[in-house]
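Colleague: Could you take one part of this structure and go through it closely with me? Please start with any term I will need, then work outwards step by step.

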Amino acid sequence: MTVEMALPELGDDAPDEAEVSFWYVEVGEHVKDGQDMVEMVTDKAAFTVPAPAGGRLASILVTEGDRVKVGDTLAIIED
Amino acid sequence: MSGRAELTVLGPDRMAYEEAFEEQVRLRDDCIASGGARSYLVLLEHPPTITVGRSGKTEEVLTGERRLAEQEVALVETNRGGRVTFHGPGQLVGYPIIHLGRRGLDLHRYMRDLETWLVKLCRSFGVEAHADSPHTGVWVGDRKIASIGIAARRWVTYHGVALNVDADLDWFRLIVPCGLSGVEMTSLEKELGAAPPFQEVALRAADVFCEHFEMRRAVTTGGERRIE
């Protein structure tokens, strides 16, 4: 089974997109549920997105510098 | 007000940027481990330090590394949002470490809250400060008195704000503050003619923070880093 990791809602006052700062993990790595996966930045804020499930990181769909919208898939995890 | 979350206030100390960063990470992870129950406000003064945030570019630092070293200015890349800023003596740095669960899980609403906190603080000293969204920060006229750059992990905040109390504003000539070329920096001292005592600004910053964020100061049992 695969789980898609998407950019979560950032709040009503926040923009609906953020920029990929860097990935903490690499494709093929085993990740734990809740582990920090990627750092994102908006205007003056930086934040981490945690893994929605544990498993093997099957693919990373966005790279550093990409602008991503809320709900867009960032990575796919296989358990 | 028993429903208010508790806030432990630490400082104000003079502390090197990296040391303060390590403390923030410790407190942040403690706040996460407590499910957001343990919150902190760290108040500090840094020795002269230029920090480059996640959106900062090295060309926004206008002085070479050798000259910075000669002037004993540290240069640090850091993981807050935002671009380049300066920290130094006479600037009150505040790092709130709080869970945003009570405040709508919204980093940008949180930044607006930080601005309101500092606007109220400045006004309590008679300085007519205002926020100027989307230009994050606190302004007096078109002069910038405080800068904001934050980070969050699991909705627990770290990094924060820097308010010029009586900092030497010439230091800001070393950089392009926040990527805004031509921006004029100001301080409480510059606006008032004479700065209120640093300790008083720090104390009041803690009080106004509690009021605005609807928290109450934890009753502390000693601990030399706690402001009372």
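Modeller: Start with a definition. A residue is buried if 20 or more other C-beta atoms lie within 10 Å of its own. It is exposed if 12 or fewer do, and partly exposed in between. Keep in mind that this is a predicted model.

Now take Val25(A). It sits in the loop between E2 and E3 of chain A. Is Val25(A) buried, exposed or partly exposed? It has 17 other C-beta atoms within 10 Å, so it is partly exposed. What does Val25(A) touch, leaving out residues up to four places away in sequence? The answer is Val31(A), Met37(A) and Leu57(A). Leu7(A) gives a distance to set beside this. Val25(A) and Leu7(A) are 18 residues apart in sequence. In space they are 16 Å apart, C-alpha to C-alpha.

Follow those contacts into the strands. Val25(A) touches Met37(A), and E4 of chain A covers residues 36–41. Five of the six residues of E4(A) are buried, so the rest of the structure largely encloses this strand. Which strands pair with E4(A)? One is E2(A), residues 17–23, which pairs with E4(A) in the antiparallel sense over four bridges. In E4(A), Met40(A) stands opposite Val20(A). Another is E5(A), which pairs with E4(A) over five bridges, again antiparallel. Here Val38(A) stands opposite Val49(A) in E5(A). E4(A) and E5(A) form a hairpin, with three residues between them.

Go back to the other contacts of Val25(A). Val25(A) touches Val31(A), and E3 of chain A covers residues 30–31. Val25(A) touches Leu57(A), and E6 of chain A covers residues 55–60. E3 and E6 belong to an open sheet of four strands in chain A. In what order do the strands run? The order is E1-E8-E6-E3, with antiparallel pairing. E1(A), residues 2–6, and E3(A) are at the edges. Each has a single partner strand, so one side of each has no neighbour in the sheet. Further in, E6(A) runs antiparallel to E8(A), residues 73–78, and four bridges join them. One facing pair is Arg56(A) and Glu78(A), the latter in E8(A).

Next, cross to the other chain. How many residues of each chain are in contact? On chain A there are 16, and they meet 22 of chain B. E4 and E5 of chain A each supply at least two residues of the side that touches chain B. E5(A) gives the most, with five residues. By class, that side of chain A has seven nonpolar, four polar and five charged residues. The hairpin strand E5(A) goes a step further. Three bridges join E5(A) to E9(B), residues 143–153, and the strands run parallel. Ala46(A) stands opposite Ala151(B) in E9(B).

Having reached chain B, look at its helices. A packed pair is described by the angle between the axes and the distance between them. H3(B) covers residues 107–124 and H5(B) covers residues 198–212. Their axes come within 9 Å and cross at roughly 130°. The helices are therefore oblique to each other. Their crossing is right-handed. From H3(B), Asp113(B), Thr116(B), Trp117(B), Lys120(B), Leu121(B) and Ser124(B) take part in the contact. From H5(B) come Arg204(B), Ala205(B), Val208(B), Phe209(B) and His212(B). By class, this contact has five nonpolar, three polar and three charged residues.

Finish with some backbone details of chain B. Glu214(B) lies in the loop between H5 and E12 (215–217). Phi of Glu214(B) is near 50°, a positive value in a residue other than glycine. Glu214(B) has 12 other C-beta atoms within 10 Å, so it is exposed. Cys178(B) lies in the loop between E10 (156–164) and E11 (184–185). Phi of Cys178(B) is near 60°, again positive in a residue other than glycine. Is Cys178(B) buried or exposed? It has 24 C-beta neighbours inside 10 Å, so it counts as buried. Last comes a peptide bond. Gly11(B) and Pro12(B) are joined by a cis peptide bond, with omega about -5°. Pro12(B) is in E1(B), residues 5–14.

Technical notes
Residues numbered from 1 in each chain as written. Chains lettered and ligands numbered in written order. Predicted model: local features only at pLDDT ≥ 70, side-chain atom pairs only at ≥ 80, totals over all residues. Axes fitted to C-alpha atoms, helices over the stretch in contact; angles between N-to-C directions. Parallel < 35°, antiparallel > 145°, perpendicular 65-115°, else oblique. Left-handed = near helix turned anticlockwise from the far one by under 90°. Contact = placed C-beta atoms within 7 Å. Nonpolar A, V, L, I, M, F, W, Y, C, P; charged D, E, K, R; others polar. Pairing = 2+ DSSP bridges.
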